[in-house]
Amino acid sequence: MKRRKIKVFVDFDGTITLEDVGEAIFRRFGNAEQVKRIIEDLLSDKISSRQCWDELCDSVNFINKYELDEFIDLLDVDPSFIQFVKFCNQNEIEMVVLSDGFDYYIDRLFNKAGLAGLKYYSNKLFVDSKGILKAEYPYFDVDSPTSANCKKNHIINHSSEDDYTIYIGDGNSDKEAAQYCDFIFAKDGLARFCSMERISFYPFNNFIDIQNKITELVNKKNLRKRHQAQLKRKSAYMAE
Ligand SMILES: [Mg+2]
């Protein structure tokens with residue numbers, strides 16, 4: 001029997017980490033009130049994700065790189081994620097991390113967790129010699145305002161119709177991308193969005209829940225893809 005090919009796409013902030021690291025950095029180093037207002041504007045769709053990050057960077061007048069690194073080093077990836085990476089490797093499940101946050105802290109946190117080399121796509125963040133923050137968006141797509149790093153495009157580029165795709169996420173930047181996958185694991189904002197839009201999903205607390213459910217799915221005789229996801233992917237493949 002042909003082995004099923006499973007691909008897993010995972011959000012970073014609030015999913016692999018328990019806290020949203022990007023937001024935490026701006027709350028710590030930016031103007032608290034301004035940061036709150038900018039994030040509210042994002043969540044009420046008044047501004048795009050890219051605009052949100054640009055405004056957040058502008059809200060920080062100066063950042064000390066050593067203090068920034070020290071702050072990031074206090075945070076961790078969820079230990080159940082490290083276990084999940086092993087599970088995926090053992091079962092030949094391909095994983096791609098899709099983050100609407102920044103390489104700066106993802107590299108640092110992955111290195112610390114022994115996960116350097118894990119495939120990921122994100123936006124880029126630099127601190128210049130004057131302590132000014134600058135963001136770049138190499139995977140920006142004007143048609144996808146909810147994520148400055150267009151997660152949907154990465155899913156299309158990394159999967160084919162033969163694959164069973166899984167999405168794992170928690171928030172705003174996952175809303176569009178998750179809809180292109182056959183199985184969705186959602187918590188917090190993404191779970192609320194899926195419920196409201198009547199998109200079927202599995203709730204989760206941590207990656208142990210996800211690992212158990214995937215084991216169950218893999219062993220199913222008839223594993224069915226989500227029809228709405230198939231239609232969305234089809235139209236995306238045809239548009240290419
Ligand atoms: Mg998130």
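Helices here are DSSP runs of H or I with at least four residues, strands are runs of E with at least two, and both are numbered from the N terminus. The loop that holds Asp-45, between helix 2 and helix 3, is named on this basis. The model shown is predicted.

**Figure 1. The whole chain: 11 helices and seven strands.** The radius of gyration is 18 Å, close to the 18 Å that the globule rule gives for 240 residues, so the chain is as compact as a globular protein of that length. Along the principal axes, the C-alpha atoms fill a box of roughly 60 × 35 × 30 Å. Of the 240 residues, 39% are buried. Among contacts with a separation of 6 or more, 61% link residues 24 or more positions apart.

**Figure 2. The open sheet of seven strands.** The strand order is 4-3-2-1-5-6-7, and the pairing is mixed. Strand 4 (133-136) and strand 7 (202-203) are the edge strands, and each pairs on one side only. Strands of a sheet pair through backbone hydrogen bonds, either parallel or antiparallel. Strand 1 (residues 6-10) and strand 5 (residues 164-169) run parallel and are joined by five bridges. One place to look is Val-8, whose bridge partner in strand 5 is Ile-166.

**Figure 3. The hairpin of strand 3 and strand 4.** Strand 3 (residues 120-127) pairs with strand 4 in the antiparallel sense, over four bridges. Phe-126 stands opposite Lys-134 of strand 4. Five residues lie between the two strands of the hairpin. There, Gly-131 takes a positive phi near 80°.

**Figure 4. Helix 2 against helix 3.** Helix 2 covers residues 32-43, and helix 3 covers residues 49-58. Their axes come within 9 Å and cross at roughly 175°. Angles over 145 degrees count as roughly antiparallel, and that makes helix 2 roughly antiparallel to helix 3. From helix 2, Val-35, Ile-38 and Leu-42 enter the contact. They meet Ser-49, Cys-52, Glu-55 and Leu-56 of helix 3. By class, the contact has five nonpolar residues, one polar and one charged.

**Figure 5. Two loop residues with positive phi: Asp-45 and Arg-198.** Most residues other than glycine have a negative phi. Asp-45 has a phi near 60°, a positive value in a residue other than glycine. Asp-45 sits in the loop between helix 2 and helix 3. Asp-45 has 10 other C-beta atoms within 10 Å. The cut-off for an exposed residue is 12 or fewer, so Asp-45 is exposed. Arg-198 also has a positive phi, near 55°. Arg-198 lies in the loop between helix 9 (188-196) and strand 7. With 7 other C-beta atoms within 10 Å, Arg-198 is exposed.

**Figure 6. Helix 5 packed on helix 10.** Helix 5 covers residues 79-90, and helix 10 covers residues 207-218. The axes are 8 Å apart, at an angle of about 25°. Angles under 35 degrees count as roughly parallel, and that makes helix 5 roughly parallel to helix 10. Helix 5 contributes Ser-80, Phe-81, Gln-83, Phe-84 and Phe-87. Helix 10 contributes Phe-207, Ile-208, Ile-210 and Gln-211. By class, six residues of this contact are nonpolar, three are polar and none is charged.

**Figure 7. The buried residues of helix 1.** Helix 1 covers residues 21-29. Its buried residues are Val-21, Gly-22, Glu-23, Ile-25, Phe-26 and Phe-29. They pack against helix 2, helix 3, helix 4 (65-73) and helix 6. Strand 2 (94-102) is also among the elements they pack against.

**Figure 8. Asp-103 and its contacts.** Asp-103 belongs to helix 6 (residues 103-112). Is this residue buried, exposed or partly exposed? Asp-103 has 18 other C-beta atoms within 10 Å. Buried starts at 20 and exposed ends at 12, so Asp-103 is partly exposed. Leaving out residues up to four places away in sequence, Asp-103 touches Ser-122, Lys-124 and Leu-125. Arg-27 is 76 residues from Asp-103 along the chain, and their C-alpha atoms are separated by 18 Å.

Terms used:
Residues are numbered from 1 along each chain as its sequence is written. This is a predicted model: local features need pLDDT of at least 70, side-chain atom pairs count only at pLDDT 80 or more; totals for chains, interfaces and linings use all residues. The radius of gyration is taken over C-alpha atoms; the globule rule is 2.2 Å times the number of residues to the power 0.38. Two residues are in contact if their C-beta atoms, placed from the backbone, lie within 7 Å. Two strands pair if DSSP finds at least two bridges between them. Axes are lines fitted to C-alpha atoms, for helices over the stretch in contact, and angles run from 0 to 180 degrees between N-to-C directions. Angles under 35 degrees count as roughly parallel, over 145 as roughly antiparallel, 65 to 115 as roughly perpendicular and the rest as oblique. Ala, Val, Leu, Ile, Met, Phe, Trp, Tyr, Cys and Pro count as nonpolar, Asp, Glu, Lys and Arg as charged, and the others, Gly among them, as polar.
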